[in-house]
Structures are given as structure tokens and as C-alpha cells.
Amino acid sequence: MADIDFPDDLIALERSAWEEILAGRLTVETARAVQDGIAAFAEQAGLPRYDVEMGLKRAVRHPAAEAA
């Protein structure tokens, strides 16, 4: 999963969602936008949606683990 090259807009969506989660104010609109972005990217890249979602979360929430 570490070798997935996520587009900047998808990274930005997940960052927004993560910030909202940490603040306890995640909205349905933000969550839906992230899920729609993940699904679209997974389909375009020919990757399993689950792998895209987990890789994206890891890249945004644990960037040090990605660099190791």
C-alpha cells in the first residue's frame, strides 16, 4: 500500500476528515466526499477500494510509518 501515489486532492480530503474526527465534528458531507474520492480513485487505478482507503488513512494519519 505504501507505493500508491495518491492525488493531492484525495490527501487533502482525508486530512480534512481526520482533523474533523480529532475535533469531534466529522460531518456526513466530509465523510461522503472522502468515500466518493476513494471509490473513484480505486476504480481509476484498478485497485481494491479497501486497499486504497487503508493506504490513504495510513499516509495521512501515520506519515512516519510510510517513510520507514
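Where do Arg49 and Glu53 lie, and how many residues apart are they? Both residues lie in helix α3, and they are 4 residues apart, about one turn of the helix. The structure that holds this pair is a predicted model, and the account below takes up its helices in turn before coming back to the charged residues of α3.

**The nonpolar core**

The largest nonpolar core has 12 residues, and these are Ile4, Phe6, Leu10, Ile11, Ala17, Val34, Ile38, Phe41, Ala42, Val52, Leu56 and Val60. Three helices, α1 (8–23), α2 (28–45) and α3 (49–61), each supply at least two residues of this core, and α2 gives the most to it, with 4 residues. As a general matter, nonpolar side chains in soluble globular proteins tend to be buried together. One member of the core, Val60, touches Ile11, Glu14, Arg15 and Trp18, when residues up to four places away in sequence are not counted.

**Helix α1**

Helix α1 has 16 residues and reaches 22 Å from its first C-alpha to its last, which is close to the 22 Å expected at 1.5 Å a residue. Its buried residues are Leu10, Ile11, Glu14, Ala17 and Glu20, and what covers them includes α2 and α3. After α1 comes Gly24, whose phi is positive, near 70°.

**Helix α2**

At 1.5 Å a residue, the 18 residues of α2 should span 26 Å, and the end C-alpha atoms of this helix are 25 Å apart, which agrees. The buried residues of α2 are Thr30, Val34, Gly37, Ile38, Phe41 and Ala42. Seen down the axis of α2, these buried residues fall within an arc of 125°, so they line one face of the helix. What covers them includes α1 and α3, whereas the face of α2 turned away from the buried side carries the exposed residues Val28, Glu29, Glu43 and Gln44. Gly46 follows α2, and its phi is positive, near 70°.

Is Thr30, in helix α2, buried or exposed? With a relative accessible area of 14%, Thr30 counts as buried, because the cut-off for a buried residue is under 20%. The side chain of Thr30 is joined to that of Thr27 by a polar contact of 2.9 Å. Leaving aside residues up to four places away in sequence, Thr30 touches Ser16, Ala17 and Glu20; of these, Ala17 and Glu20 are among the buried residues of α1.

**Salt bridges**

How many salt bridges does a search of the whole structure find? The search finds 3, and they are set out in the table with the distance from N to O.

| Side chains | Distance, N to O |
|---|---|
| Arg61 and Glu14 | 3.3 Å |
| Arg49 and Glu53 | 2.4 Å |
| Glu53 and Lys57 | 3.2 Å |

The salt bridge between Arg61 and Glu14 links distant parts of the chain, for Arg61 is in helix α3 and Glu14 is in helix α1, 47 residues apart. The two partners also have their own accessibility values: Arg61, at 24% relative accessibility, counts as partly exposed, while Glu14, at 2% relative accessibility, counts as buried. Glu14 is also one of the residues that Val60 touches.

The pair named at the opening, Arg49 and Glu53, meets through its side chains in a salt bridge. Arg49 is partly exposed, with a relative accessible area of 38%, whereas Glu53 is buried, with a relative accessible area of 10%. The side chain of Glu53 also meets that of Lys57 in a salt bridge, and because Glu53 and Lys57 are 4 residues apart in helix α3, they are separated by about one helical turn. Lys57, at 24% relative accessibility, counts as partly exposed. Salt bridges that share partners join Arg49, Glu53 and Lys57 into one network.

**Drawing the picture together**

In this predicted model, the helices α1, α2 and α3 each supply at least two residues of the largest nonpolar core. The buried residues of α1 have α2 and α3 among what covers them, and those of α2 have α1 and α3 among theirs. Charged side chains also link α3 with α1, through the salt bridge of Arg61 and Glu14.

Definitions and conventions. Residues are numbered from 1 along each chain as its sequence is written. This is a predicted model: local features need pLDDT of at least 70, side-chain atom pairs count only at pLDDT 80 or more; totals for chains, interfaces and linings use all residues. Side-chain values use heavy atoms; hydrogens and water are left out. A nonpolar core is a set of buried Ala, Val, Leu, Ile, Met, Phe, Trp, Tyr and Cys residues joined through side-chain atoms within 4.5 Å. Buried means under 20% relative accessible area, exposed over 50%, partly exposed in between (1.4 Å probe, protein chains only). Contact means heavy atoms within 4.5 Å. The expected span of a helix is 1.5 Å times one less than its number of residues. The arc is that of the directions from the helix axis to the C-beta atoms. A salt bridge is a side-chain nitrogen of Lys or Arg within 4 Å of a carboxyl oxygen of Asp or Glu. A polar contact is a pair of N or O atoms within 3.5 Å; within protein, one must be able to donate a hydrogen and the other to accept it, and residues adjacent in sequence count only if both atoms are side-chain atoms.
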